[in-house]
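Student: Please take a close look at how helices pack in this model. I would like angles, distances and contact residues.

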Amino acid sequence: MLKAFNLLDEPWLPVRYADGRIAEVGLLQLFADVGQIVALAETSPPGLIALYRVLLAITHRALAREHGEWGKSDLARWHAKGLPVEALHAYLEHWRERFYLFHPDWPFMQVAALAEAEETRHKSKPWTQISLASSSGNAPVLFDHSVDTHPSQITATQAVRHLLGFLQFTPGGLVKTVRDSDKAGPLANTAAALPMGDTLARTLCLALHPCSIEPDTDLPAWEQPAPPSLANLRAEPTLATGANDRYTRLSRAVLLLPEDDGQHISQLRFAAGCALAEDDHAPDPMANYRMGSNGLVRLNFSEGRAIWRDLSALLPDPSGKHAKPAGVLGYAHRLLGALGQADSWLPVMVLGLTSDQAKLVRWRVDNVALPTCLLEQEDVVELLRAALRDSEALFVGLRQIATSMLAESMPDPKHKDTRARARAMFDNGASAATYFAHLERRLPALLACLAQTGDHHTLWQAAQLHAIAPAWQAACRQLGEGARAIRACAQHEPRYLGLIKPLLPPVTKEATHV
């Protein structure tokens, strides 16, 4: 394979400039314009966070190469005055040979050994193997109709972005080449958090992991002393040496096969990769943890559940009983403190992919803005947790009443199958979406009130009262208009009124009592 398509020069990274212009740039151009670029413009959530992680690894290693051990004051200076572009360019030029997408020995984020390995040299797979949103093998996708035996072509630009997202989010399971099975990628089933600045340069500063005393102990994939061999692929899972390793781990072995024009891909070689072992004491810097039924579990995207409902997982919990927020949020908070911006708001993008075994279930991008006081004041965080618990408990109460009401409108209402049908009917109705959508609109006001130590309790009670009324009406509409429906509604309305009574203002309570 000849050397071709160097990612330093070829335009492959989609970016959005401050003037609204969308363009694709190479790595050298990206860092030259890093202060004028607002953000990356990749539309696939897995690919988007994977690109940010590669840029963070490059930035981290470039700064370590130029400045040795750097600290918070250096980062504050770069955030205020701009990243040292000369150092970033010098680093990229130093490693230019490792950034060729097609290379006989060091293809970028790939394994050249697959070209000669007995298990793979005569076998190939369609490019859809590394596309999380494409139909491949026995994993059909609703809006994709790819056929493994007749793969289409994609550009090399698209292929590298698919590859990076796949390496981060690939689920664990069967591989059947080199090894029978393999571990999942670093961000599998994870809603990853990324603090956002008003420029790409500031985003990289906010999310950059600290420099270690011995920076050369944590290397990205392209700086490894030797290319991955079959022995590496067959080896037992290894712990990450640090964030640079995690951000660029070759969780699967892939080798892209260029077409004759050197610009398109239709086939690739594929095998098990350099498996990542998890360490509970060194979690991924972008992963948040919430309390599950058996302890802390990674925050991911659940069907019909917006990320704001798990907002407390993004906030510190010294007790460790409720949550463990992503390390990058702590990095950002410390930097804002060094900049004297402790009373500001921190925009956070939460994005990722949820899979069921080897099948993609959903991916999503959510955006929230956190007052920085929530990242440091434990008492304020607990107030927010209590408010969110109250809203969830109120909905549980509504669901119980509505389920009973719907069951009463059906034949044989006491039968367990009837109640199961009623519960499913409520869950598939509009009540949940209505209730939480109304509450979400009031969330910024709640956060602002907490930041200003205002009367958040009254505000949130009013918000819940405003949200539950249309949700109850939506449940009543599910009854229909028959005699059973009217009777069921009349029987259960007092229970609903009892549920909302604690939310009513004091004057309304007295008037109701009279």
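Tutor: Two helix pairs follow, one after the other. This is a predicted model, in which local features need pLDDT of at least 70, side-chain atom pairs count only at pLDDT 80 or more, and totals for chains, interfaces and linings use all residues. Residues are numbered from 1 along each chain as its sequence is written, and side-chain values use heavy atoms, without hydrogens and water.

Start with helix 10 (residues 378-408) and helix 11 (residues 416-427). Helices are DSSP runs (H or I, at least four residues), numbered from the N terminus. The two axes lie 8 Å apart, at an angle of about 125°. Axes are lines fitted to C-alpha atoms over the stretch in contact, and angles run from 0 to 180 degrees between N-to-C directions. Helix 10 is therefore oblique to helix 11. Angles under 35 degrees count as roughly parallel, over 145 as roughly antiparallel, 65 to 115 as roughly perpendicular and the rest as oblique. On the helix 10 side, the contact includes Phe395, Arg399 and Leu406. On helix 11, Arg419, Met425 and Asp427 are among the partners. Contact means heavy atoms within 4.5 Å. The contact residues comprise 7 nonpolar, 3 polar and 4 charged. Here Ala, Val, Leu, Ile, Met, Phe, Trp, Tyr, Cys and Pro count as nonpolar, Asp, Glu, Lys and Arg as charged, and the others, Gly among them, as polar.

Now helix 13 (residues 456-477) and helix 14 (residues 483-500). Their axes come within 12 Å and cross at roughly 165°. Helix 13 is therefore roughly antiparallel to helix 14. Helix 13 contributes Leu465, Ile468, Ala469, Trp472 and Cys476 to the contact. Helix 14 answers with residues including His492, Glu493 and Tyr496. By class, this contact has 9 nonpolar, 1 polar and 1 charged residues.

Technical notes:
Helices (H or I, at least four residues) and strands (E, at least two) are DSSP runs, numbered from the N terminus.
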